[in-house]
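User: Hey, could you walk me through this one? I'd like to start with how the strands go together.

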Amino acid sequence: MKPDLLQMGPMYPPTQKVLDETYTLHKLWEATDCDAFLASVADKITAVGSTGGKGIDDATMGKLPKLKVIAHFGVGVDSVDVDAVKRRGLTLTNTPDVLTEEVADLTLAILLAAIRRVPQGDRYVRDGKWLKGPMPLTASLQYGKTAGILGLGRIGKAIAKRLEAFNVKVAYQGRSKQSGVPYPYYADLLSMAKDVDILIVAAPGGPETRGIVSRQVLEALGPEGVIVNIARGSLIDETAMIEVLKSGKLGAAGLDVFDKEPKVPEELLALENVVVQPHVGSATHPTRKAMGQLVIDNLAAHFAGKPLVTPYSG
Ligand code: NAP
């Protein structure tokens with residue numbers, strides 16, 4: 001008999017196919033009455049599969065008395081109530097490392113796109129404007145630029161490595177100074193923002209980091225400054241960001257994530273100095289496959305009574 005698995009939301013199709021074949025799946029996102037659905041499966045659920053878009057809250061965990069493990073698709077676990085996981089003595093797994101390089105690649109892509117106006121150049125050619133004259137010159141990533149990384153973790157370090165290859169100096173801010181890291185550390189985000197040209201946001205989302213990239217921080221980057229966010233929209237005061245980009249107090253933005261995604265404020269989309277992406281940092285077939293494999297392996301380990309492969313410890 002197949003074990004039972006409660007799923008909060010759909011996963012990458014090839015991963016979903018494996019889960020469909022391996023488990024008796026209970027798909028909460030398809031239920032019309034979630035409470036009745038949960039009550040009908042509660043006594044057989046020891047494991048849940050969750051995603052960035054469909055996480056799990058304390059109340060739902062409370063309705064599953066036999067729950068032991070939450071296998072999350074993604075490295076960022078801000079859609080899961082992590083405090084509740086700890087308090088209830090549950091184990092959460094996520095999908096670290098396998099997406100690091102992919103997200104770092106996209107970070108450099110949107111950084112360069114924002115500075116060199118790559119989407120605008122593409123439109124310039126397609127719209128026939130080039131026939132009438134050259135495109136206006138842009139800002140540059142070169143000439144002694146410094147980038148401050150907020151959150152020098154796995155992804156932050158992979159971004160730093162790439163920045164070094166582009167001759168960009170790196171500084172970082174986090175809750176503590178890391179040993180063996182060659183970049184200058186700032187204990188205070190505002191102080192770092194005052195000293196750098198580019199701020200790259202790579203720290204986790206969640207209540208602790210909500211709005212830490214404040215209006216003051218954004219203004220400190222200055223009219224030539226660039227903000228890049230590949231972490232979570234919640235870290236930036238989005239209203240302030242739109243205002244400073246609009247008024248010219250901040251130079252440009254490259255954004256993969258938004259506070260209320262997939263809704264992106266019209267005012268932001270109207271700005272020429274902004275490059276947007278639909279939260280695709282890890283969205284390639286090989287990387288999503290590797291992330292899915294970790295979900296599959298963690299669930300298999302749970303049901304086999306073996307140690308979990310990637311328990312979340314943050
Ligand atoms: P990680 O290795 O855990 O790194 C997170 C870093 O953030 C750590 O260096 C940590 O350093 C720092 N940090 C934590 N809390 C902080 C705070 N309150 N203030 C400042 N810094 C803080 O995680 P990762 O694998 O690099 O992933 C980072 C984030 O990227 C994820 O949480 C996720 O939200 C996001 N992400 C986005 C995409 C996308 O598609 N756009 C894809 C994958 C991941 P300290 O402990 O020293 O503070």
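Analyst: Sure, one rule to begin: two strands pair if DSSP finds at least two bridges between them. Helices (H or I, at least four residues) and strands (E, at least two) are DSSP runs, numbered from the N terminus. In strand S3, the bridge partner of Gln7 is Gly49.

User: And which strands are those bridges in, and where do they sit?

Analyst: Strand S1 covers residues 4-7 and strand S3 covers residues 47-51, and the two pair in the parallel sense over two bridges. Before we go on, this is a predicted model, where local features need pLDDT of at least 70, side-chain atom pairs count only at pLDDT 80 or more, and totals for chains, interfaces and linings use all residues. Residues are numbered from 1 along each chain as its sequence is written, and side-chain values use heavy atoms, leaving out hydrogens and water.

User: Got it. What's the strand order in the sheet of five?

Analyst: That open sheet runs S2-S1-S3-S4-S5, with parallel pairing. Strand S2 (24-27) and strand S5 (91-93) are at the edges with a single partner strand each, so each has one side without a neighbour in the sheet. On average, neighbouring strands here are turned by 25° against each other, ignoring direction.

User: What lies across S1 and S2?

Analyst: Helix H1 does, and it also lies across strand S4 (69-73), running at about 120° to S2. For angles like that, axes are lines fitted to C-alpha atoms, for helices over the stretch in contact, and angles run from 0 to 180 degrees between N-to-C directions. Contact means heavy atoms within 4.5 Å.

User: How do H1 and H12 cross?

Analyst: H1 (residues 13-22) and H12 (residues 285-304) have axes that come within 8 Å and cross at roughly 20°. That makes H1 roughly parallel to H12 (under 35 degrees is roughly parallel, over 145 roughly antiparallel, 65 to 115 roughly perpendicular, and the rest oblique).

User: Which residues meet there?

Analyst: From H1 you've got Thr15, Val18 and Leu19, meeting Arg288, Gly292, Ile296 and Leu299 of H12. Sorted by type, the contact has four nonpolar residues, two polar and one charged. Ala, Val, Leu, Ile, Met, Phe, Trp, Tyr, Cys and Pro count as nonpolar, Asp, Glu, Lys and Arg as charged, and the others, Gly among them, as polar.

User: Changing topic: what's the order in the sheet of seven strands?

Analyst: S8-S7-S6-S9-S10-S11-S12, an open sheet with parallel pairing. At its edges are strand S8 (185-186) and strand S12 (274-276), each pairing on one side only. Further in, S6 (residues 146-150) and S7 (residues 169-173) run parallel, joined by five bridges. Gly148 has Ala171 in S7 as its bridge partner.

User: Which helix lies across S6 and S7?

Analyst: Helix H7 (residues 154-165), which lies across strand S9 (198-201) as well and runs at about 170° to S6.

User: Anything odd in the loops?

Analyst: A couple of things to look at. Glu261 and Pro262 are joined by a cis peptide bond, with omega about 10°, and Pro262 is in the loop between strand S11 (252-255) and helix H11 (266-269). Then there's Arg117, a residue other than glycine with a positive phi, near 55°. Look for Arg117 in the loop between helix H5 (100-116) and helix H6 (118-126).
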